Amino acid sequence: MMCFFSTFLLTCILYLAESSHFRGGIISWKPTDNHQIEINYRVAFRASSAGHACDANTIENGTLLPGEGSLQCVEGCSDTITTMSYYCTDFSATEDWTSGTNSVKYNLSASSNNLYTFGFSSCCWIPLAEGSSDWRMRTKANLTVRQDTGKINSSPVSAMQPVVRFSYGCDYTLKIPVSDDDGDVVKCRWSKLTPNDECGGVCETLSGSYLDQSSCVLTYNATQSTGWYAVALQIEDFQKTTDTVPFSSVSLQFLIFVANSNASCTSRPILPQNVITDGSILHSSANKIFNESIIARSGAATLRVTAIDTVSPIGMIKSALFPFGTSGREWFVTVTWTPMKSQIGTHLFCYTAVDNLGQTSDQTCATLVVDKVPDDTVVLNQDCNAFKTPENVHTKCIEATTGVPPLFYLATSCSSYFVQCNELGTGHITRCPPGTEWCKHVLSCVHVGSCATEGKKEELVETN
């Protein structure tokens with residue numbers, strides 16, 4: 001990662017040494033404490049290569065995979081920041097890839113010329129139809145305090161499947177998902193070889209494609225040739241639409257595979273209305289179980305959905321694929337996630353359906369926001385039948401029942417459960433009736449999804 005740091009700018013170019021199995025990734029960043037940044041990276045590799053094997057147990061156990069290469073500071077300092085180890089979050093046995101993420105905090109020490117260079121590049125991609133096999137990722141960051149917010153900027157983030165599959169002869173519109181914690185205007189552009197190499201041998205290698213920089217939508221008619229293509233983009237954030245100098249520039253790279261197919265261009269899998277819709281924002285809390293099902297439908301009666309691939313945060317578990325309903329054309333998976341306190345903040349979650357011909361649906365992406373757990377919320381275990389920290393329940397119940405006014409019911413990390421307290425500080429886990437969830441606004445179980453409405457009614461009564 002090459003970093004130029006002055007009063008105004010820190011520029012980071014990430015290199016990964018000796019990686020011959022690369023399947024893409026993204027590098028973003030955010031400030032933490034004074035002169036410290038947190039670098040977040042997601043990388044994908046060939047799963048069958050040494051050190052990258054991943055399955056459901058790897059994800060559930062939080063196993064740290066060794067990765068390949070290291071993140072180094074090579075100018076302005078000379079230390080190795082970290083090895084490129086990562087926590088596997090997603091995998092595909094069919095497409096032979098493993099994807100995962102990790103982060104590292106780095107303290108920026110003083111330098112005589114305020115110039116820092118970090119490295120993360122390598123050879124090789126899979127043999128490509130265009131470009132060469134060496135690659136490089138470059139991410140720029142501006143660490144000055146912004147005049148409009150009074151805070152240091154955070155970079156935009158994005159998420160893509162490591163492999164996007166196209167059928168030869170078909171037209172495609174690929175939306176690049178982006179999110180920015182500062183609410184900035186986000187644009188996308190092709191990574192460039194000059195004046196500063198951002199992409200190695202894969203700069204602007206998808207001939208015939210068109211990138212709408214304002215909407216981050218890539219349009220492509222897959223009629224060039226079959227084979228593998230690398231896509232290298234820079235995701236950039238601006239204060240205003242008319243600005244030309246971004247706050248930061250984030251590297252995003254992934255693969256497109258164009259294959260011959262006898263199927264119709266309209267027979268791709270589709271995603272019916274799910275709770276997790278494209279562009280939606282869903283809130284959860286640290287230590288609270290997030291559980292949702294994702295349904296996919298085949299594009300023709302003779303086809304079947306064989307996988308629902310995901311881009312997930314650390315610790316999210318995806319179930320096996322099961323038939324849904326009686327149509328014979330729909331399948332579903334369930335994703336379950338109990339975010340940790342260290343994951344408070346925003347996370348992009350994406351999913352794509354794959355059929356037995358290798359055709360893929362459009363990618364759906366949502367923002368998952370992990371909020372802080374309120375002090376009066378009781379955290380239960382994953383099965384919702386026991387306290388995760390029993391020693392804290394007595395204190396919470398005593399504080400609640402001796403307060404003014406006294407409170408004898410507490411919310412839990414499981415939405416359909418609450419705790420009933422007595423004056424002795426003893427708490428009992430109680431489950432709401434089927435189809436209902438606990439609503440702390442009214443201290444009662446209400447129909448699932450209606451708690452926000454009940455809370456507004458309560459506020460209206462108090463106001464009147």
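**Strand pairing, disulfides and confidence in a predicted model**

Visitor: Which residue in S27 does isoleucine 308 stand opposite?

Guide: The model discussed here is predicted. Isoleucine 308 falls within strand S23 (305–311), and S23 runs antiparallel to strand S27 (residues 345–355), with 6 bridges joining the two. Across this pairing, the residue in S27 that faces isoleucine 308 is alanine 353.

Visitor: Which are the edge strands of the open sheet with the order S21-S28-S27-S23?

Guide: This open sheet has 4 strands with mixed pairing, in the order S21-S28-S27-S23. An edge strand pairs on one side only, and the strands that do so here are S21 (281–285) and S23 (305–311).

Visitor: What is the average twist from one strand to the next?

Guide: The sheet in question is the open one of 4 strands, ordered S21-S28-S27-S23. From one strand to the next, its twist averages 25°.

Visitor: Is strand S13 (residues 163–167) largely enclosed by the rest of the structure or largely open, and how many of its residues are buried?

Guide: In a regular strand, side chains alternate between the two faces of the sheet, so each face is to be considered separately. On one side of S13 lie Val163, Arg165 and Ser167, on the other Val164 and Phe166, and all are buried. Strand S13 is therefore largely enclosed by the rest of the structure, the number of buried residues being 5 of the 5.

Visitor: What is the bridge partner of phenylalanine 166 in S20?

Guide: Strand S13 runs parallel to strand S20 (residues 248–259), and 5 bridges join them. Phenylalanine 166 belongs to the buried face of S13 that also holds Val164. Its bridge partner in S20 is valine 258.

Visitor: How many residues apart are cysteine 188 and cysteine 216, which link distant parts of the chain?

Guide: The sulfur atoms of cysteine 188 and cysteine 216 are 2.0 Å apart, and the two residues form a disulfide, one of 9 in the structure. Cysteine 188 is in strand S16 (residues 185–190), whereas cysteine 216 is in the loop between strand S17 (210–212) and strand S18 (217–221); the separation is 28 residues.

Visitor: Is the link of cysteine 188 and cysteine 216 right-handed or left-handed?

Guide: Cysteine 188 has a relative accessible area of 1%, so it is buried. Cysteine 216 also counts as buried, because its relative accessibility is 1%. The angle about the S-S bond is 100°, and the link is right-handed.

Visitor: How many residues apart in sequence are the parts that cysteine 384 and cysteine 414 tie together?

Guide: Cysteine 384 and cysteine 414 form a disulfide with sulfur atoms 2.0 Å apart. The angle about the S-S bond is -90°, and this link is left-handed. Cysteine 384 lies in the loop between strand S28 (364–371) and helix H2 (390–401), and cysteine 414 in the loop between strand S29 (409–411) and strand S30 (417–421), so the parts tied together have a sequence separation of 30 residues.

Visitor: In which helix and which strand do cysteine 397 and cysteine 421 lie?

Guide: Cysteine 397 and cysteine 421 form a disulfide, with 2.1 Å between their sulfur atoms, and the link is left-handed with -60° about the S-S bond. The pair ties together parts that are 24 residues apart in sequence, because cysteine 397 and cysteine 421 lie, respectively, in helix H2 and strand S30.

Visitor: Which backbone oxygen does the side chain of serine 413 reach?

Guide: Serine 413 is placed in the loop between S29 and S30, and its relative accessible area of 2% means that it is buried. Beyond its neighbours within four places in sequence, serine 413 is in contact with several residues, including Lys288, Ile289 and Thr377. At 3.4 Å, its side chain reaches the backbone oxygen of asparagine 287.

Visitor: In the chain, which strand has the lowest confidence?

Guide: The chain averages a pLDDT of 85, and 88% of the residues score at least 70. Residues 1–19 stay under 50, although the model has 109 contacts beyond four places in sequence for them. Where pLDDT is low, the predicted coordinates should not be read in detail. Confidence is highest in strand S25 (residues 322–323), at 97, and lowest, at a mean of 42, in strand S1.

Methods: Residues are numbered from 1 along each chain as its sequence is written. This is a predicted model: local features need pLDDT of at least 70, side-chain atom pairs count only at pLDDT 80 or more; totals for chains, interfaces and linings use all residues. Side-chain values use heavy atoms; hydrogens and water are left out. A disulfide is a pair of cysteine sulfur atoms within 2.5 Å. Buried means under 20% relative accessible area, exposed over 50%, partly exposed in between (1.4 Å probe, protein chains only). Two strands pair if DSSP finds at least two bridges between them. Axes are lines fitted to C-alpha atoms, for helices over the stretch in contact, and angles run from 0 to 180 degrees between N-to-C directions. pLDDT is the predictor's confidence in each residue, from 0 to 100. Contact means heavy atoms within 4.5 Å. A polar contact is a pair of N or O atoms within 3.5 Å; within protein, one must be able to donate a hydrogen and the other to accept it, and residues adjacent in sequence count only if both atoms are side-chain atoms.
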